[in-house]
Amino acid sequence: MSAEPVITAGLRPELLFESGVRASSQTLLIGALIILVLSGFGLRSMGLSAEGLSDDELNKLHAVADYRANGLTAANSEHPMLMKALQTVSILAVEGWNRNIAGLQISTETALRLPGVILGSLTTILIFLIVTELFGNQVALLAAALWAFDPSAIGFNRIAKEDTFLLFFFLLANVFWLRGQRVAESKTGRRPEPYYWATAAAYGAMMASKYVPQLIAVSITYYWMFQAVPETRWRLGKKRILKFLFIVGLVFLILSPTILLPDTWRQMGNFASQKQVTHDGYEFMGTLYTHRLTDWLQGTPWYFYLVFIAVKLPLLTLAGFLIGLPLLFRRKVGDGRYFILMWMFVWLMTFIFAGGKFTRYFTTALPAVLITAALGVYLTGRWLGGRLASFGGSQSLRYYAPPVLALLVVIGSITAGILASPHFRLYTNSIGGGGARAGFYFPHDEFYDGALRDVMFEIARRASPDSQVISETPRLATHYAEVAGRWDLTFVSLSDPETLEQLRSGDFVIIARGRRYFSNDALISALNQSSAPAFTVNQGSVPAAKVFILDEASLEAIR
């Protein structure tokens, strides 16, 4: 990369960052990456069924069952098909395993989540390859390590949702895109076209994972920034851009053929018009906010994700990010900074102003944050080594300070990840109040219905025949009641306007953290004030759900 105060056509960092050969041998790099991937996979797969399914994940399980029973259908088709297809393969493979390996059974929860765990672990390699192109091997290896061990990254990869798949194929596309740029700018005579078409295919897979086409703008805007530079050779032209878009569409169609079904379009229309939104609020830092996408700045606060960064990153990673962010605006860092800035900008414009937010949407932005943190840590190490050497220390400090500082940051991330296991989403750093405040900031996403399985198993043990269970997730409660063999129980929604008329003494009422809405807030408050829970279920050491058994006094209070 050029360090001149203009956008140049060069790719490789030349002044601030060591080249791959000088940083370490290829063998050591490959070995380090293998260790990171395996370690990241170990953390992501550890206790994968420690939490029950969420209501969202149950939708995926139902879609898999529908595919198996009826072939390609419009089940859960407000989302594309690729993830559900891989989950179907995973569940079939696990069922085969369970039939043949009697002593080591794998749960449905694990089978459903395993594809995301695998792709989340392999994302470590993609981050390394992208950052190598932008900032060199040393920053790349640190960024890959931060992703492998970051508690939030692990937590996002352990839920059966589309965001991990979206990120994986977005990164894969840009691995090819940046490599195509380097090949186009080289004088070796190699043709960059295969990298362009591989980029397009990866973007087609990204679209078949989740409908966020605006992420393609990251690559396109980065490309156009170089087109005004006379020296650049990285030029696709109109015909190749049209071919690029055709490949995107073709691969998408192959990987998500359910888009051709009329019912898919009906469900997508319902989803886009927010008719499928089943909740009227989101609890953030103890306050309820409206949660419709089109509520814009009147909904969940715009600083939602800024709070997430502040309280969910390990402290040394957070410090690296705060140092690295202003460095992205300095020309001497090189042209690779433009890619990271475009990535952050497109993501911010997509998600920060929307009224409805979930922390899992941050999955696609988290690598950019961790790359920025790695950049800040590396350059801080260089500065620190130079200062120590200039004050009479050994000149070797210039070379040892960056890796030593990087190692300390990685150890901090590893420690945070291990301490958070297996409930990684509940991790909260000391700025956020640590374990004492776990589940306070984003309870819906931090608990994510993970305790409901254990709640229903206990209710199944206690309930008399034909008992009624009231909760905010009656479908999920029904699922786990059936798993427990209690087909006789009936289920009612806590937010159903007719619920109060149906309540009777002896009913079970589940108050799950993260499921507090405007529609049930008064009932929950009355119940908490009028009686004590029959039992409480924790996720790890954090209370996650309370279960009340109604009596005449509590019925009178809530009515």
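## Exercises on a predicted protein model

Among contacts in the protein (heavy atoms within 4.5 Å) between residues at least 6 apart in sequence, 74% join residues at least 24 apart. This is a predicted model, where local features need pLDDT of at least 70, side-chain atom pairs count only at pLDDT 80 or more, and totals for chains, interfaces and linings use all residues. Residues are numbered from 1 along each chain as its sequence is written, and side-chain values use heavy atoms, with hydrogens and water left out.

**Exercise 1.** Work out how the radius of gyration of the protein agrees with that of a compact globule.

*Solution.* Start with the rule: 2.2 Å times the number of residues to the power 0.38, with the radius taken over C-alpha atoms. For 559 residues this gives a value near 24 Å, and the protein has 25 Å, so the two agree. Next, look at the extents: the C-alpha trace spans about 80 × 60 × 55 Å along its principal axes. Finally, consider burial (under 20% relative accessible area, with a 1.4 Å probe and protein chains only): 55% of the 559 residues count as buried.

**Exercise 2.** Describe how strands β3 and β4 pair, and then place Ser471.

*Solution.* Helices (H or I, at least four residues) and strands (E, at least two) are DSSP runs, numbered from the N terminus. Two strands pair if DSSP finds at least two bridges between them; β3 (residues 468–471) and β4 (residues 490–493) have four, in the parallel sense. One bridge links Val469 to Phe491 in β4. Now add helix α20 (residues 474–483): with β3 and β4 it makes a right-handed β-α-β unit. Right-handed means that, with the strands pointing away from the viewer, the path from the first strand over the helix to the second runs clockwise.

Ser471 lies in β3 and counts as buried because its relative accessibility is 1%. Beyond its neighbours within four places in sequence, Ser471 contacts Ala477, Val492, Ser493, Leu494 and Ile510.

**Exercise 3.** Find the span of helix α14, its buried residues and the helices they pack against.

*Solution.* The expected span is 1.5 Å times one less than the number of residues. For the 13 residues of α14 (residues 315–327) that is 18 Å, and the end C-alpha atoms are 19 Å apart, which agrees. The buried residues of α14 include Thr317, Phe321 and Leu327. Packing partners of the buried residues include α6, α13 (304–312) and α15 (336–351). Turning to α6 (residues 137–149), eleven of its 13 residues are buried, among them Trp147 and Phe149.

Notes: Buried means under 20% relative accessible area, exposed over 50%, partly exposed in between (1.4 Å probe, protein chains only).
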